[in-house]
Structures are given as structure tokens and as C-alpha cells.
Amino acid sequence: MAEEAAIIVPESTLKKRKRGEEWAAAKKQAIEETLKKNAANRKLIFNRAKIYAKEYQEQEKELIRLKREAKFKGGFYVEPEAKLLFIVRIRGINRMHPTVRKILQLLRLRQVFNGVFLKTNKATLNMLHRVEPYVTYGYPNLKSVKELIYKRGYGKVDKQRIPLTDNSIIEKVLGKYGIICMEDLVHEILTVGPHFKEANNFLWPFKLKAPLGGLEKKRNHYVEGGDAGNREVYINELIRRMN
């Protein structure tokens, strides 16, 4: 009886099989590591959110206490100057001076009803003074900042406009600054933290809708019954209508 010929498996097939096993093992390990990291991140994010909520609550209580104290003494409490501004462009390019157009480009307000956050300083206020007939701005509160970022927040990832649907998108770009989730981003913007510049540059300019009920008269200043210029805390009412 003739011996059965041994089945010879080609070397290339063996290599391919081995490579496939190595890739499968590496993929499995990467998935396990990601799951562990996500579990740890969830716990960290939850704890940070609690800390931020407590901080916001304490600030609100302190403000109420100071106002009551001033009222009791027969005076008025003057709040410190706001550190954060929100600017919305309300006019197009018709009959616009080239300098004004350049400033609006620097502010990243290239379209009507685009909005951006800015830090309050002398340079910012000087630029806003030059473009005041074309924009309206004011001091956003916690609710406005949260609603804008959660509802209309897009991030700049590899020069692309990516919706902020996952904390991993934020961690990928801003993780090196300790900003790993939406609450971190909101806190950094609201408090104008040490990495405000990086966080603000990561956020794509907000594309808002036309305000519900329309604008009054965008060629006039807000104090004259129009819409342009500084409207201080009343910017929050406009954000509600445009978000």
C-alpha cells in the first residue's frame, strides 16, 4: 500500500495565517485597553462635572449674598467686568471698508449670524469698536455657553468641521491641556481658563439661525433701539432666539 503523500502547506499561507493571528490578538488587546480607559474616563468626567456644578452653584450664592449685603447697607453691588464676550455678526458685506472686512476675518466672523467667544481685553475691545455697526455682542452666562456648545458645537479636527458627538473628539485634540470632555470645554470657555485660546480655536465659529421674531433695526445701535453694538447681559436673550 502506497504511503499517503503529506500535505504541504505553502510558506506564504503559513505566514499569512500567523500575521492574521497576530493582528487579531493586537486588535483584541487594543479594544480591552480602550474599554478600560473609557471606564476610568467616565468616572473622572462624572467627578469633574460634580465639582464644576458645585463651583457654579457657590458662585451664584456668593453673588446673591453680595447683592443682599449691598442692598441692606443702602447701596448697589456692581459686578466685576465680564471676562468673556460672545460676538454675533448681523450685517453683510455691502459698502464695507476693507479694514472692517479684515477685522471680521480675524474674528472668524465670515458669514452673517456667525458667532464666536472672545476674551475681554484692550485689543479685543478696540477691534470691536471698529466693527461695531456690523456685530452685536455681550456677556454670555453659563446657560448660554452650555446650550451653544452642546447644541451647535463643532470642533476643528485636522482642519475639518467635526460635530462634537463624542468626548473622544475633544480628548484627541485638547487632551494634552487636560480638557477631555464637554464639561471641561464649557468650564474652560466660561471661566476663561489658562488654555482658553486653544479651547476657543478648537471650536468652529457657531452657525446660528436668524433670530426668532427678527431684528429691530440692525443699522442702529442697541441703545438707540437697534441691534448693533454692546448689549451686555441681554445677549443671552438673543442667543435663545438664535440657537
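1. In this note, helices (H or I, at least four residues) and strands (E, at least two) are DSSP runs, numbered from the N terminus. The model under discussion is predicted. Counted in this way, the protein chain comprises eight helices and seven strands.

2. Overall dimensions. The radius of gyration of the protein chain is 27 Å, whereas a compact globule of 243 residues would have one near 18 Å. Along the principal axes, the C-alpha atoms occupy a box of roughly 115 × 50 × 35 Å. Buried residues make up 34% of the 243 in the protein chain. Among contacts with a separation of 6 or more, 70% link residues that are 24 or more positions apart.

3. Surface and charge. The exposed area of the protein chain is about 16,400 Å², and 55% of this area is supplied by carbon and sulfur atoms. The side chains include 49 that are positive and 28 that are negative. The centres of these two sets are separated by 7 Å.

4. Sheet. Five strands form an open sheet in the order 6-2-1-3-7, and the pairing is mixed. Strand 6 (206-207) and strand 7 are the edge strands, each pairing on one side only. Within the order, strand 3 is placed between strand 1 and strand 7. The next two points take up the pairings of strand 3 and the directions of its residues.

5. Pairing of strand 3. Strand 1 (residues 84-89) is antiparallel to strand 3, with four bridges between them. Strand 7 (residues 229-230) runs parallel to strand 3 and is joined to it by two bridges. Which residues stand opposite Thr136? On strand 3, Thr136 faces Val88, and in strand 7 its bridge partner is Gly229.

6. Faces of strand 3. Strand 3 covers residues 135-138. Val135 and Tyr137 point one way from the strand, while Thr136 and Gly138 point the other way. Are these residues buried or exposed? All of them are buried, on both sides of the strand.

7. Helix 8. This helix spans residues 235-242, and six of its eight residues are buried, so that the helix is mostly covered. The buried residues are Ile235, Asn236, Leu238, Ile239, Arg241 and Met242. Against which elements do they pack? The buried residues of helix 8 pack against strand 1, strand 3 and helix 4 (142-152). Strand 1 and strand 3 are also the pair joined by four antiparallel bridges.

8. Ile90. This residue lies in the loop between strand 1 and helix 2. Its relative accessible area is 1%, which is under the 20% limit, and therefore Ile90 counts as buried. Beyond residues up to four places away in sequence, Ile90 touches Val112, Phe113, Tyr134, Val135, Thr136, Leu215, Lys218, Asp227 and Ala228. Two of these partners, Val135 and Thr136, belong to strand 3. Ala228 is 138 residues from Ile90 in sequence, yet their C-alpha atoms are 7.6 Å apart in space.

9. Thr124. Helix 3 (residues 122-131) contains Thr124. Thr124 has a relative accessible area of 8%, and because the limit for buried residues is 20%, Thr124 is classed as buried. Apart from neighbours within four places in sequence, Thr124 is in contact with Leu85, Leu118 and Lys119.

10. Backbone points to check. Most residues other than glycine have a negative phi. Which phi values are positive in residues other than glycine? Arg95 has a phi near 55 degrees, and Lys159 has one near 65 degrees. Arg95 is located in the loop between strand 1 and helix 2 (98-106). Lys159 is found in the loop between strand 4 (154-157) and strand 5 (160-163).

11. Accessibility of these two residues. Arg95 has a relative accessible area of 83%, over the 50% cut-off, and is therefore exposed. Lys159, at 77% relative accessibility, counts as exposed because 77% is likewise over 50%. The loop between strand 1 and helix 2 thus holds both the exposed Arg95 and the buried Ile90.

Notes. Residues are numbered from 1 along each chain as its sequence is written. This is a predicted model: local features need pLDDT of at least 70, side-chain atom pairs count only at pLDDT 80 or more; totals for chains, interfaces and linings use all residues. Side-chain values use heavy atoms; hydrogens and water are left out. Buried means under 20% relative accessible area, exposed over 50%, partly exposed in between (1.4 Å probe, protein chains only). Two strands pair if DSSP finds at least two bridges between them. Contact means heavy atoms within 4.5 Å. The radius of gyration is taken over C-alpha atoms; the globule rule is 2.2 Å times the number of residues to the power 0.38. Accessible areas come from the Shrake-Rupley method with a 1.4 Å probe; for residues, only the protein chains shown count as cover. Lys and Arg count as positive and Asp and Glu as negative; His and the chain ends are not counted. The place of a charge is taken as NZ of Lys, CZ of Arg, CG of Asp or CD of Glu.
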